[in-house]
Each structure stands twice: as C-alpha cells, then as structure tokens.
Amino acid sequence: MKSDTPTKEITDKLLTERQEMLVMFCELAGSQPFDLSLHGDALRKFCEVLVDYCAFVHFEFYERINNGVENREAVVNIAKEIYPQIVETSEIASEFNDKYDEADHALDISRLDSDLNQLGETLAVRIEMEDRILDAFIN
C-alpha cells in the first residue's frame, strides 16, 4: 500500500488487521492450558499477525504524516501526542514476538498465560490510542 492511499482504505485495512489479530488473540488466550503440540501453529501465526498489525500503524499512518501526505492539523497533533504510547505498545508486542517466535530458540511457554494477559492490557491501550487517531482521520 502506498503512502498516498486514500484515508478510508487505510482505516479499513487497519480495522481489518486489528480484528484478525484480536480474534487470534482471543482464540489463543482461550486455549489455556496451552499445549505446544496442539497450539504451536496458532501461536506462530498469531505472532506473525501481531507484528504485521503493529507495523501497519508505523508504516501507513505515520508515513503519511512524515511524508506530508496527511497535513490536517487535528490528525497531526493527535498522532504526535500518542506516538510515544504507540511505540511503547509496539515494543511490548515485539518482545512478545521475540519470546514466542521459535525461529531462533526453543520455546518456553511456562509464562505464556501471564504474557498474554500483559499483552492484552497493552493491546487495549494501543487500540484506545489508535481509535483517537482514527476518529481524527475520518472526521
């Protein structure tokens, strides 16, 4: 998707990716007690979708602002205000991915339940921040 993509397409894509991520999150969190042999593929797929979802805001919303494509004052002001929280939530999601993406290390799922709880709280904050910028984008 290019940075000049119309706002509606970008917001629709974000909401679609968010929904996909949340459905996978709920399915994964609901599969406790976690069994790697049964739920390992779901965990790997969730990590992939989580990273894509988090990256979308950085590479679509903020790219539009940084490139001057988006210049509505309300959008730019909200984006600047919430950026530190977006970065913080992205870092937590990235840490979760690094811990549970078994591509380069053996997977330890002993703390998965508590890590999912923390990630859920983080995602709730992120969604609240995203909704603020979405409101500015569509209004």
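1. Contacts of Glu17. Set aside the neighbours within four places in sequence, and Glu17 is in contact with Asp52, Tyr53 and Phe56. The model is a predicted one. Glu17 sits in helix α1, which covers residues 7-29. One of its partners, Tyr53, belongs to helix α2.

2. Burial of Glu17. Is Glu17 buried or exposed? Its relative accessible area is 14%. Buried means under 20%, so Glu17 counts as buried. Its side chain also has a polar partner: the side chain of Lys13, at 2.6 Å.

3. The α1 and α2 pair. The axes of α1 and α2 are 9 Å apart, and the angle between the two helices is about 155°. Angles over 145 degrees count as roughly antiparallel. The two helices are therefore roughly antiparallel to each other. The crossing of α1 past α2 is left-handed. What kinds of residue make up this contact? The contact of α1 with α2 divides into 15 nonpolar, 3 polar and 8 charged residues.

4. Tyr53. This residue lies in helix α2. Its relative accessible area is 0%, so Tyr53 is buried. Which residues does Tyr53 touch, if those up to four places away in sequence are not counted? They are Leu14, Glu17, Arg18, Met21, Leu123, Arg126, Ile127 and Glu130. Among them, Glu17 is in helix α1, while Leu123, Arg126, Ile127 and Glu130 are named on the α4 side of the contact between α2 and α4. Tyr53 itself is named on the α2 side of that contact. A separate distance concerns Pro84: Tyr53 and Pro84 are 31 residues apart along the chain, and their C-alpha atoms are separated by 17 Å.

5. The α2 and α4 pair. Helix α2 spans residues 36-66 and helix α4 spans residues 112-138. Their axes come within 13 Å and cross at roughly 25°. Angles under 35 degrees count as roughly parallel, so α2 is roughly parallel to α4. This crossing is left-handed. From α2, the contact is made by Leu43, Phe46, Leu50, Tyr53, Cys54, Val57, Phe61, Tyr62 and Arg64. From α4, it is made by Leu112, Leu119, Leu123, Arg126, Ile127, Glu130, Ile133, Leu134 and Phe137. These residues divide into 15 nonpolar, no polar and 3 charged.

6. Thr122. Where is Thr122 found? It is in helix α4. Its relative accessibility is 8%, so Thr122 counts as buried. Not counting residues up to four places away in sequence, Thr122 touches Thr89 and Ile92.

7. The chain as a whole. The secondary structure comes to 4 helices and 0 strands. Read along the sequence, the pattern is α-α-α-α. The C-alpha atoms fill a box of roughly 50 × 25 × 25 Å, taken along the principal axes. The chain has 139 residues, and buried residues make up 42% of them. Contacts across the sequence can be put as a share. Of those between residues at least 6 apart in sequence, 76% join residues at least 24 apart.

Key: Residues are numbered from 1 along each chain as its sequence is written. This is a predicted model: local features need pLDDT of at least 70, side-chain atom pairs count only at pLDDT 80 or more; totals for chains, interfaces and linings use all residues. Side-chain values use heavy atoms; hydrogens and water are left out. Buried means under 20% relative accessible area, exposed over 50%, partly exposed in between (1.4 Å probe, protein chains only). A polar contact is a pair of N or O atoms within 3.5 Å; within protein, one must be able to donate a hydrogen and the other to accept it, and residues adjacent in sequence count only if both atoms are side-chain atoms. Contact means heavy atoms within 4.5 Å. Axes are lines fitted to C-alpha atoms, for helices over the stretch in contact, and angles run from 0 to 180 degrees between N-to-C directions. Angles under 35 degrees count as roughly parallel, over 145 as roughly antiparallel, 65 to 115 as roughly perpendicular and the rest as oblique. A crossing is left-handed if the near helix is turned anticlockwise from the far one by less than a right angle, and right-handed if clockwise. Ala, Val, Leu, Ile, Met, Phe, Trp, Tyr, Cys and Pro count as nonpolar, Asp, Glu, Lys and Arg as charged, and the others, Gly among them, as polar.
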